[in-house]
Amino acid sequence: MIIVFKPHPDEADVRAIEAKVLEYGYEPRIIRGVERTVIACVGDEIEHQSLEALQVLPFIERVIPVQKRFKVVSREFHPSNSIIDLGPAKIGAGHFMMIAGPCAVESREQLRQVTKDAVAAGVKVIRGGVFKPRTSPYDFQGMGEEGLKLMAEVRDEFGVAIVTEVLAVTHLKAAAEVADVLQIGARNCQNYHLLEMVADMGRPVLLKRGMATKIEEWLLAAEYLMVHGCQNVILCERGIRTFENATRFTLDLGAVAIAKRESHLPVIVDPSHPAGVADLVLPLSRASIACGADGLIVETHPNPPEACSDAAQQIRSSEFKAFMDNLEPLIALCSPDNANPTAFS
Ligand code: PEP
Ligand code: MN
């Protein structure tokens, strides 16, 4: 941290702050300019108490942190890209992971058809919400545990890995019995109690960025997961709220590039929710791959107009193979370890 004094501070004030800095466990280095005095505080800002509260003193102008607030998720801590192995597929360090499936699990027939079509397109990881975070309490809330049973059936029949969202601590046990990856949705990105509890389930976690969550806050949410015992975190950018309303959310690809630069964790993109309509999903997917995403999570449905949620943005599952054919050359180009791009692992 760097403590900047207002011009011409009293020597007694400088000495008092120096003593405070020492008391907090930092090593103070006083630098005196013609007008300005600053104290550079040497020490680990994560382990020591923050000095930012000193900013309230009348003779202090600013206290500037110099260290990042996340540690275990950072590249400094783990320089190489992490790889997460889900069994049928891997993600990270050149392993591209395609995840596809319905917004919500609606019936056995719907989930089987989506899975069949996705598997035919080379997909090995299926998504599907059974606990749905809906804006209106009158909208379809998901099938709950009945839906988990259907997910277990397709997992066993097709040998795919399963991703499903948990909204509350009460969902964790049942979801972790079926799912290979537990999804924390945008609305719960900063639900710290849920993050701590989900970290304890021994499953990889797909952490969506909140729609009003800064990149640093998103990475700190991942830090919560990791310090509470979850070693396998997949970051997912899914669009943020801006003034723009031509798209449902604004896909922030800058956040993907920054998350990849700052963290060793795999970063994927959900192009479906920012698109809001199916025809935008392909261009957003292409842009995401080009900018370095380690994977995509795409909503697909056998008959989108009849979907119980997010009907407009789901890709018809019978058309998913053509969608994948379009992306494969780009995936092979951008994820060089994918020797066989149709395998996606
Ligand atoms: C979802 O994946 O279906 C979902 C609800 O996503 P988000 O949390 O990004 O809105
Ligand atoms: Mn959805």
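Which polar side-chain atom lies 2.7 Å from an oxygen atom of ligand 1? The atom belongs to Arg238. This is a predicted model, and the report below covers its ligand site and its pockets.

## Polar contacts to ligand 1

Arg238 places a polar side-chain atom 2.7 Å from an oxygen atom of ligand 1. Lys208 does so at 2.9 Å, again from a polar side-chain atom to a ligand oxygen. Gln183 adds a side-chain contact to an oxygen atom of ligand 1 at 3.1 Å. The protein covers 97% of the accessible area of ligand 1, which is 300 Å² for the ligand on its own.

## The shell around the ligand

In total, 13 residues surround ligand 1. The nearest of them are Arg127, Lys132, Ala186, Arg187 and Arg238. Arg238 thus appears both among these nearest residues and in the 2.7 Å contact.

How many residues of each class make up the shell around ligand 1? There are 7 charged residues, 3 polar and 3 nonpolar.

## The largest pocket

Where does ligand 1 sit? It occupies the largest pocket. That pocket holds about 320 Å³ of space. Its lining has 21 residues, and those closest to the pocket centre are Pro133, Arg187, Arg248, His273 and Asp310. Arg187 is named twice: it is one of the residues nearest to ligand 1, and it is one of those closest to the centre of the pocket.

By class, the lining of the largest pocket has 11 charged residues. Polar and nonpolar residues supply 5 each.

## The second largest pocket

The second largest pocket contains about 150 Å³ of space. Its lining includes Met1 and a set of residues from Glu45 to Glu52, namely Glu45, Ile46, His48, Ser50 and Glu52. Pro65, Gln67, Lys68 and Arg69 also line this pocket.

What is the class make-up of the lining of the second largest pocket? It has 4 charged, 3 polar and 3 nonpolar residues.

Terms used: Residues numbered from 1 in each chain as written. Chains lettered and ligands numbered in written order. Predicted model: local features only at pLDDT ≥ 70, side-chain atom pairs only at ≥ 80, totals over all residues. Heavy atoms only, no water. 1 Å grid on protein atoms, 1.4 Å probe; cavity = no way out; pocket = protein on both sides within 12 Å on 5 of 7 lines; lining within 4 Å. Points joined across faces, edges and corners; volume = space filled by probe spheres on them. Nonpolar A, V, L, I, M, F, W, Y, C, P; charged D, E, K, R; others polar. Near = heavy atom within 4 Å. Polar contact = N/O pair within 3.5 Å; in protein donor to acceptor, adjacent residues only side chain to side chain. Areas by Shrake-Rupley, 256 points an atom, 1.4 Å probe, with all protein chains shown as cover. Sits in = over half its atoms within 2 Å of the grid points.
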